[in-house]
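The following exercises ask the reader to work through a protein structure step by step. Each task is followed by its solution.

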Amino acid sequence: MKKYVLFSIVIVCVMFGCFNSFAAGVDTLDIQSQVMQKNIKAAVVLPQSYKTTQQNYPVIYLLHGGQGNYRDWLSKTDDKLLLHKLADQYNFIIVTPDAGLMSYYFDSPLDKSSQYETFITKELVEKIDGTYRTIKDRKGRGIAGLSMGGHGAMYLSARHPELYCAAGSMSGVMNINTATWNVPAEFAQLRNKNFEHLLGPPKDAANPYREYSAVGLADKMKTNDVKLIFDCGFDDIMIKPNRELHQLLLANGTPHEYTERPGKHEWPYWSNAVSYQFLFFQKVMSSIR
């Protein structure tokens, strides 16, 4: 009878997650941004081993997409424990910061409440390095993201190569010229209004805001020694700008990994793609540490 009761308890615990081989924990930070004069949230996924060792850990900054928030990577993936598993598998600290609905991760010269380049590359890094046992060097930092966040990862790493050893993008907005996107006209018009609000009227109507786009930074990517990986689905609305960046990097001789696979601009694709990005980061960091 005792054996039967014990067996029943084990079954119930398994059903309700009492035993979980992936025991990474999640902190939520409320970070004061001096540059924007407001508090910004970020989630921090700590691997299980963080509790039992005194080692310093590499950090992956994982950025959300447009109209999203800092919880997206924890709540919208097919497997809601995906980041926990990746943190435990690779012994990475994973940080998912908030960056507003449509900031595109640059500092707006017009809107002082949208200074997310400074926040991500300065204030957030200082907060994470000051709070956790991290490798406080570019060799222990990577940055990646999806859609708007993919643009952010490539843009920020190109402009701040001293901070990151590797950068990745999934379905990234590699060119913020909406004429290169495969989207309805109304959607493009809304984004154009947003860019004009943040950056002002485009100086070159045929090729707007190139200096704020990843494709406009291809030559910097060549000299930065940041290891690059990006991918996009065949049926993704951002396939054209991703192919554009790939061709630019091929032309100027920048080493990178670029992959196209079946998929659209949606969470099932990103839920699958992110694991490849983390494997890439692990290989890069293992080779330079």
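**Exercise 1. Identify the residues that ring pairs link into a cluster.**

Solution. In this predicted model, ring pairs join Tyr90, Phe92, Phe278, Phe280 and Phe281 into a cluster. The structure as a whole holds 16 aromatic pairs.

**Exercise 2. Classify the pair formed by the rings of Tyr50 and Tyr132, and locate both residues.**

Solution.

Step 1. A pair of aromatic rings is described by the distance of the centres and the angle of the planes.

Step 2. The structure holds 16 aromatic pairs. For Tyr50 and Tyr132, the ring centres are 6.3 Å apart and the planes stand at 70°. Planes over 60 degrees apart count as edge-to-face, so the pair of Tyr50 and Tyr132 is edge-to-face.

Step 3. The pair links distant parts of the chain, with the two positions 82 residues apart in numbering. Tyr50 belongs to the loop between strand 2 (38–46) and strand 3 (59–63), while Tyr132 belongs to the loop between helix 4 (116–131) and strand 5 (141–146).

Step 4. Buried means under 20% relative accessible area. Tyr50 has a relative accessible area of 13% and is therefore buried. Tyr132, with a relative accessible area of 7%, is buried.

**Exercise 3. Classify the aromatic pair of Phe106 and Tyr212, and state whether each residue is buried or exposed.**

Solution.

Step 1. Centre to centre, the distance between the rings of Phe106 and Tyr212 is 5.1 Å, and the angle between their planes is 65°. This aromatic pair is edge-to-face.

Step 2. Distant parts of the chain are linked by this pair, whose members are 106 residues apart. Phe106 is in the loop between strand 4 (93–97) and helix 4; Tyr212 is in the loop between helix 6 (185–199) and helix 7 (218–224).

Step 3. Phe106 has a relative accessible area of 0%, so Phe106 is buried. Tyr212 has a relative accessibility of 19% and counts as buried.

**Exercise 4. Which arginine lies over the face of Tyr50, and which over the face of Tyr276?**

Solution. Arg133 lies over the face of Tyr50, 4.0 Å from the ring centre. Over the face of Tyr276 lies Arg261, at 4.4 Å from the ring centre.

**Exercise 5. Describe the largest cavity: its volume, its lining and the elements that contribute to the lining.**

Solution.

Step 1. Rolling a probe the size of a water molecule over the atoms shows where empty space is left. A search of the whole structure finds one cavity of 30 Å³ or more. The largest cavity holds about 40 Å³ of space.

Step 2. Its lining consists of Met154, Ser157, Ala158, Met221, Asn224, Val226 and Leu228. Two or more of these lining residues are given by helix 5 (148–159), and likewise by helix 7. Helix 5 supplies the largest share, three residues.

Step 3. By class, the lining has five nonpolar, two polar and no charged residues.

**Exercise 6. Describe the surroundings of His84 and Asp72.**

Solution.

Step 1. His84 is in helix 3 (residues 82–90) and counts as buried at 11% relative accessibility. Leaving aside neighbours within four places in sequence, His84 is in contact with Ala24, Val26, Val45 and Leu74.

Step 2. Asp72 is found in helix 2 (residues 72–75). Its relative accessibility is 7%, so Asp72 counts as buried. With neighbours within four places in sequence again left aside, Asp72 is in contact with His64, Thr77 and Trp267.

Note on methods
Residues numbered from 1 in each chain as written. Predicted model: local features only at pLDDT ≥ 70, side-chain atom pairs only at ≥ 80, totals over all residues. Heavy atoms only, no water. Helix = DSSP H or I, 4+ residues; strand = E, 2+ residues; numbered from the N terminus. Buried < 20%, exposed > 50% of the residue type's maximum accessible area, 1.4 Å probe, protein only. Contact = heavy atoms within 4.5 Å. Phe/Tyr/Trp six-rings, centres within 6.5 Å; stacked < 30°, edge-to-face > 60°. Lys NZ or Arg CZ within 6 Å of the ring centre and 35° of its normal. 1 Å grid on protein atoms, 1.4 Å probe; cavity = no way out; pocket = protein on both sides within 12 Å on 5 of 7 lines; lining within 4 Å. Points joined across faces, edges and corners; volume = space filled by probe spheres on them. Nonpolar A, V, L, I, M, F, W, Y, C, P; charged D, E, K, R; others polar.
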